[in-house]
Amino acid sequence: MTPLPRLAALSWSSPCNPDGCAASPGKAARSRLAEQVRTLPLRLEPVAGESFGSWLQAYGRLLNVRVSTVVKALGLREVIRGEFPDFSIALSPTETERLEETCGVSADQAHSMTLRLYDGQLLVMNHAARGVRPRRLWGRCRGSRYCPQCLDEADGRWPLRWRLTWSFACTTHGVLLEDRCPGCLRTPYVRTGAKHRAGTSCSLCRLDLRDAAAPEAASVTLLMAQRRINSLLDSVECGDGHSVGQLAGFTFVDLASVAKWLVRTSVPADFESFGLHVVNAFQAERDRPHEVGAERLGSMPPDNGPLVGAITTRVLDLISPDGGESAEEQIRVLLRRRDGSRQRMPPAGLSGHWAELSPPVQRRFLRALDPDLAHIDRIRFRSTLPTAALPQPGLAEARTRWLPQLLWPDWSIRLMPAAGCDSERFRAAAIVFLLTSGNPERNILNVAEVLHPHLQWQLTRYLSTEVTSGGDTILRAIGNISEYLDQHDGRIDYHRRRAVVGTDLLSEDQWRSLCFDTGIHPGDTAKTREQGSGRHLQARRYLHQLLTGADLNDPGNALSWRGSPDRAQYLAFVDWLAPPLRRTLADHAIRILRELGIDEPLTWSPPTDCCPALRRPGREPDDIDRQQVLKLVVTDKTPVGAVAERMATTADHIRLVLELDTDGPWTPAPRGPHVAWRRRQQARELLTTDFFEREHVGLRKRLRQLEQETGFPRGLISEIAAEIGVELLPPWKTAFTIDPHWLRDQYVDQRRSHEDIAAELGTSAETVRRSLIRHKIPRRPPGIASHTQMIAVVPGSVPDDIRRAVEGGLAGWQRLQRFQAVMRYATIDAAAEDLGLFQSALVTQLRRLERDAGAQLFHRAARGKAMRPTARGRALLSALDLPEVQALTPPLDRPALEAIRLHRAAVMGAQPSAGSSG
């Protein structure tokens, strides 16, 4: 501690004493001086660094009056309960104005002599009560430590720093500051009502403090700690405490917060290196009963100066920037119980005063806590990185816009465990962990709600297995990437893309056009197009994931997978994509972005240098022979899984190589729909309306000649002519002509089939079909709906039961004939055996006949009773015998029925029965 200089020179301002000699007024004069003098005749300049109380004592000695008299003469506050307040703590604006009027001390100079100089940095003041809050920053309420030799050398002037908790040693004389008066064993302080006038004596017992026993010498470590504290005090007193404290790596807030924690965490044995008296002082501090309502141990600063010095020395070792890994290890030891088990660590949540620590000190504690933190906290605090920090509200939310739903493919390959895992789940979980980094929210399911509400238990499983299987590497990579996005932002706003990019990104015609342009089969059939499960759907998924980074496992996505087979089909599609088609789809995706007004690259990922000197568990994307991959997958058609196994890597690695290389070798198939499509496109360019008018109508060139000249088949020429509305000339020879009016009546009105009309005209069904096309007669769709029996209409005179059985269905007459035949037998079994039919088929036909009629037609056989027709059935049998119905009834194919019966008998291994012929 630098000693204060002796008493400063005095100035005489009264005209009564021009020589400047200090007079000694009597008691009455002193009283009048206190009551009447407005401006003191003698001025005393404060010494640099002096406390206001010491200056008052020196002023009283100068004027040969009590300190209380000087206080009243200076116009300070009135006495409260016989005592003046401790002016060394703070002065009010009114008091500073009065000081300037009476003795010429400016307001800044007055405040610099009070603890207000350190308010907010070394202590926290209670301005209403003119006091110091001892539980905040370990502020000292009253009293002062002292150095006897400094008091002697400075003529009893007390520095303000001695009132601070962090002053415990005198660096000038190399001794520890004294805490108490050796006479009364109480803390010295300025007592404004005291009758003594000596600045070196105790204000309570009047013992001369210079006569105290020689103070204890301070150790080198304590002196070094005090010098570091003094340098920070110099910066605070100069007004740049915050900046210098940041350069020093810590502040007095850090010092007080860590000191409180250290007192609660340490044991007496931790202070053995400072001497037995410090150990005893610490044990006494621990055993001291706390006041009612006081906080736990360590909330108040100890009264013992050597103990404060020992605590300060240890704290400086923990929070100084040059501590490094050794300081982290010391903190880690203190954070654990002495038996090796883990205790509850106050900084885990880092709430309360822990949150007030400066970033460097917070970082050191987080780094020390890292081995014992849960994985979720290691991610949140980034405690594996040198830049560990507390979560900041809003930081993770702002990062969301730059994150896809799945981790970027190249980073997935770098970070996925070498043993392999479910790549989609890993990539989704990694994105959630990127959102967790620096996030105040600790519940990982709440964090996942932002991008992955469908993920539940998988997150905790990946957090405890796959993500941490690579040691700290993945956690460090997550922290580095999140820091990079916080500082530089991404180049793709995925939040906007998810909002504006829809699912209808590629129409079916566009897909076929893209495939045919690149010489690739589109792969869709009528069935797959109807079911929405062909390559067109997979191409839409591919584009959507390429643009938005979507997770196709998310049920909320309209293009999500509908099960494991659907996912397998998509992966097979991605493996099937040829290089030119990948390039074409990428160009189509870029056009979509430009149409939406988005000026961003199609894909992007954080650069590799955002994770410097990090040994990743996976491989680098470009450390694989791309030419060999392209040869195996594209040329040799080897499955991706087999290629990955052969090259000792993962299927995702192979897929990324295929994704990045869009200029690989590709030879389109010589035949296929793409060839026909290109030929058709060429034909449309050549076969225009002008061409047909010139070549076909003007020069009378027939289709065969046009086929020879153009190289396009006649069928294609005719089809294109029909598309553009050109009517071709009739052929030279017409093999068969049909009256279009008669044909329309027979086909449309009479609903006859091609075969029936052709049989009547003695020509082929194809001739009839071509005539229908030539005369533009509406044709029925092909298939069973146009069958003769399906469109047959019976005359109106036929009974309704026969009409319902015959019209609009097949084999209606056959069911009626078999009903006639069966009614001649006693049972259905006998009828089926004699007719050579299966009993089940016969029962089915009779049930169908009853359903068409809408009534029961016969009574089933029962014990002792043969089956017999009902009244409705007898009416039907009578109707079938009518001449007009017999004319419509086709002849019963008895030989065919007999052949069926004989075949059935041979299969069953029995001879045909000789039943009645029916």
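**Exercise 1. Contacts along the chain**

Determine what share of the contacts between residues at least 6 apart in sequence join residues at least 24 apart.

*Solution.*
Step 1. Consider the contacts in the chain of this predicted model between residues at least 6 apart in sequence.
Step 2. Of these contacts, 67% join residues at least 24 apart.
Step 3. For context, the chain has 918 residues, and buried residues make up 47% of them. Its secondary structure comprises 44 helices and eight strands.

**Exercise 2. A contact between separate parts of the sequence**

State where Leu596 lies, classify its accessibility, and identify the residues that it touches beyond four places in sequence.

*Solution.*
Step 1. Leu596 is located in the loop between helix 26 and helix 27 (626-635).
Step 2. The relative accessible area of Leu596 is 38%. The partly exposed class runs from 20% to 50%, so Leu596 is partly exposed.
Step 3. When residues up to four places away in sequence are not counted, Leu596 touches Val500 and Val501.
Step 4. Between Leu596 and Val500 there is a separation of 96 residues in sequence, while their C-alpha atoms are 7.7 Å apart in space.

**Exercise 3. Classifying two aromatic pairs**

Classify the ring pairs Phe52 with Phe87 and Phe271 with Phe282, and place each residue in the chain.

*Solution.*
Step 1. A pair of aromatic rings is described by the distance of the centres and the angle of the planes. The whole structure contains 15 aromatic pairs.
Step 2. For Phe52 and Phe87, the ring centres are 6.2 Å apart and the planes stand at 65°. An angle over 60 degrees counts as edge-to-face, so this pair is edge-to-face.
Step 3. Phe52 belongs to helix 2 (residues 52-63), and Phe87 to the loop between helix 3 (67-73) and helix 4 (93-103). The pair links distant parts of the chain, 35 residues apart.
Step 4. Burial requires a relative accessible area under 20%. Phe52, at 0%, is therefore buried, and Phe87, at 2%, is buried as well.
Step 5. For Phe271 and Phe282, the centres are 4.6 Å apart and the planes lie at 40°. This angle is neither under 30 degrees nor over 60, so the pair is tilted.
Step 6. Phe271 is in the loop between helix 9 (252-265) and helix 10 (276-287), whereas Phe282 is in helix 10, so the pair ties together parts that are eleven residues apart in sequence.
Step 7. Phe271 is buried at 0% relative accessibility, and Phe282 is buried at 0%.
Step 8. Ring pairs also join Phe52 and Phe87 with Trp55 and Tyr59 into a cluster.

**Exercise 4. Charges over rings**

Name the ring over which Arg401 lies and the ring over which Arg535 lies, with the distances.

*Solution.*
Step 1. Arg401 lies over the face of Trp402, 4.6 Å from the ring centre.
Step 2. Arg535 lies over the face of Trp576, and here the distance to the ring centre is 3.9 Å.

**Exercise 5. Positive phi values**

Give the phi of Arg130 and of Arg382, and describe the setting of each residue.

*Solution.*
Step 1. Most residues other than glycine have a negative phi.
Step 2. Arg130 is not a glycine, yet its phi is positive, at about 50°. The residue is in the loop between strand 3 (125-126) and strand 4 (131-132).
Step 3. Arg382 also has a positive phi, near 55°. Its place is the loop between helix 14 (375-381) and helix 15 (395-399).
Step 4. Values under 20% count as buried. Arg130, with 11%, is therefore buried, and so is Arg382, with 9%.

**Exercise 6. The second largest pocket**

Describe the volume and the lining of the second largest pocket.

*Solution.*
Step 1. The volume of the second largest pocket is about 880 Å³.
Step 2. Its lining consists of 34 residues, and those nearest the centre are Pro409, Arg427, Leu546, Leu656 and Glu659.
Step 3. Elements giving two or more residues to this lining include helix 16 (409-415), helix 17 (423-436) and helix 24 (535-548). Helix 29 provides the largest share, five residues.
Step 4. By class, 19 lining residues are nonpolar, six are polar and nine are charged.

Key
Residues numbered from 1 in each chain as written. Predicted model: local features only at pLDDT ≥ 70, side-chain atom pairs only at ≥ 80, totals over all residues. Heavy atoms only, no water. 1 Å grid on protein atoms, 1.4 Å probe; cavity = no way out; pocket = protein on both sides within 12 Å on 5 of 7 lines; lining within 4 Å. Points joined across faces, edges and corners; volume = space filled by probe spheres on them. Helix = DSSP H or I, 4+ residues; strand = E, 2+ residues; numbered from the N terminus. Nonpolar A, V, L, I, M, F, W, Y, C, P; charged D, E, K, R; others polar. Phe/Tyr/Trp six-rings, centres within 6.5 Å; stacked < 30°, edge-to-face > 60°. Buried < 20%, exposed > 50% of the residue type's maximum accessible area, 1.4 Å probe, protein only. Lys NZ or Arg CZ within 6 Å of the ring centre and 35° of its normal. Contact = heavy atoms within 4.5 Å.
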